[in-house]
Amino acid sequence: MSKNMFKSDFPIFENNPWLVYLDTTATAQKPKYVIEALCDFYKKDYANIHRWSYMLSEKSEEVYDNSKKKVKKFINASSIQEIIYTYNANYALNILACSLECSGYLKSGDKVLLTITEHHSNIVPWLNLKEKIGIEVEFIAIKDDFSLDMDDFEKKYDDKVKVISFTQVSNVTGEIYDLEKIWKLKREDTIFIVDASQSIPHMQVDVKKLNADFLFFTAHKVMAETWLGVLWGKKEILSNMKSVFSGGWAINWVKEDSYRQAALPSRFEPGTPHISWALTLLKAFEYIESIWGYEAIETYDRELIKYTLEKIKEIPELHLVWWTNLDSRIWVFSFYLDNFHSLDIAEKLAEANICVRSGQHCAEPLALRLGISSTFRMSLYIYNTFEDIDLFFEELKKIIK
Ligand SMILES: Cc1ncc(COP(=O)(O)O)c(C=O)c1O
């Protein structure tokens, strides 16, 4: 067992020595490096951007640009013009779905394909369009081993499909989907969207390898602030699209009776953006680089996953949704226990300072398909230790007794 080298970088644990935080899938704790950079920024450099005539504004503009340059590098985008900042993953997809509709990419009768494991953020915006303009929304099944059912995909991928929108990693099962398979089967006339909200904290995400047309994620799950989301889109498509939102800074000119939308990416970013939250994303990615990147995260995650999968075997009444292959999962585990409600389990664990989440984890169609009304989810990250896992299982054993 290797010693945890990262925990001391996170002040929350110094200030709450008894804390066993097993809820990173909901949101990640922030390293000192991010927290201090945010404080320094407010103390030294903060001003509104796009007003270049004075130094503070120039500095803030540079921070905003550098943040996008870092995102570009992390996801292997071609240009920062392809990177749009929004509020979170939910907003990113709402903007995208409605902009595709108002730009004529989606019309009545067109079909959107999702997986049954999607988070609600990648379901509800499409259901809204179903209600508004009459698109169809269909779900691809998963197989017993929780991989995508490619036979079901090929059956449902008919001429009406104009959008495929899949998560790269499930926030319930931790399963990593092999999305590179999809683009090999994808037609030119289909837009391929990837939800990277759970993958980007854990693994290298590469829009070119995925051959995606759009990709989105939420910054707080990768150690930056809440209320910042990233929407990346291929420039060739984005530049032909109208934005569903408009207003200040998203325009080239405005007259009394008309306006022209601005160039990319401002067209999709009306109003004053979250400059300081953009800084936190820059710093969070710098922090990942400083700990030797995703290689370090993935090496540690293999160790903790292996350990957790062994510990599960000690409690026969405990059911994991789902027992996936070590190499195709991240460190997210959803459980149910015979004869216990998952909310009661989460409350009992909370009494022992162990933080987990219970419910359907914003993936109700998956819960319905599996016939499991509620689970409690334990999720790990670089600041978790083997002792955290031991405490979780010891407490579960006590609860069962
Ligand atoms: C896979 C996935 N997509 C999207 C989201 C939505 O993130 P946000 O609530 O920050 O918009 C989540 C949050 O749990 C998620 O796990």
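The following chat concerns the ligand site and the cysteines of a predicted model.

Me: What should I know about the model and its numbering?
Reply: The model is predicted, with local features requiring pLDDT of at least 70 and side-chain atom pairs pLDDT 80 or more, while totals for chains, interfaces and linings use all residues. Residues are numbered from 1 along each chain as its sequence is written, and side-chain values use heavy atoms, leaving out hydrogens and water.

Me: How many residues surround the ligand, and which are the closest?
Reply: There are 13, counting a residue if one of its heavy atoms lies within 4 Å of the ligand. The closest are Asn90, Asp195, Gln198, Thr218 and Lys221.

Me: And by class, what is in that shell?
Reply: The shell has one nonpolar, 10 polar and two charged residues. Asp, Glu, Lys and Arg count as charged; Ala, Val, Leu, Ile, Met, Phe, Trp, Tyr, Cys and Pro as nonpolar; the others, Gly among them, as polar.

Me: How far is the side chain of Lys221 from a ligand oxygen?
Reply: An N or O atom of the Lys221 side chain is 2.7 Å from an oxygen atom of the ligand. For His220, a polar side-chain atom lies 2.8 Å from a ligand oxygen, and for His119 the distance is 3.3 Å. A polar contact here is a pair of N or O atoms within 3.5 Å.

Me: How much of the ligand does the protein bury?
Reply: The protein buries 89% of the 390 Å² that the ligand exposes when taken alone, by the Shrake-Rupley method with a 1.4 Å probe.

Me: Changing topic, how many disulfides are there?
Reply: The count is zero, with a disulfide defined as a pair of cysteine sulfur atoms within 2.5 Å.

Me: Why is Cys362 not bonded?
Reply: Its closest cysteine sulfur, in Cys355, is 18 Å away, too far for a bond.

Technical notes: A polar contact is a pair of N or O atoms within 3.5 Å; within protein, one must be able to donate a hydrogen and the other to accept it, and residues adjacent in sequence count only if both atoms are side-chain atoms.
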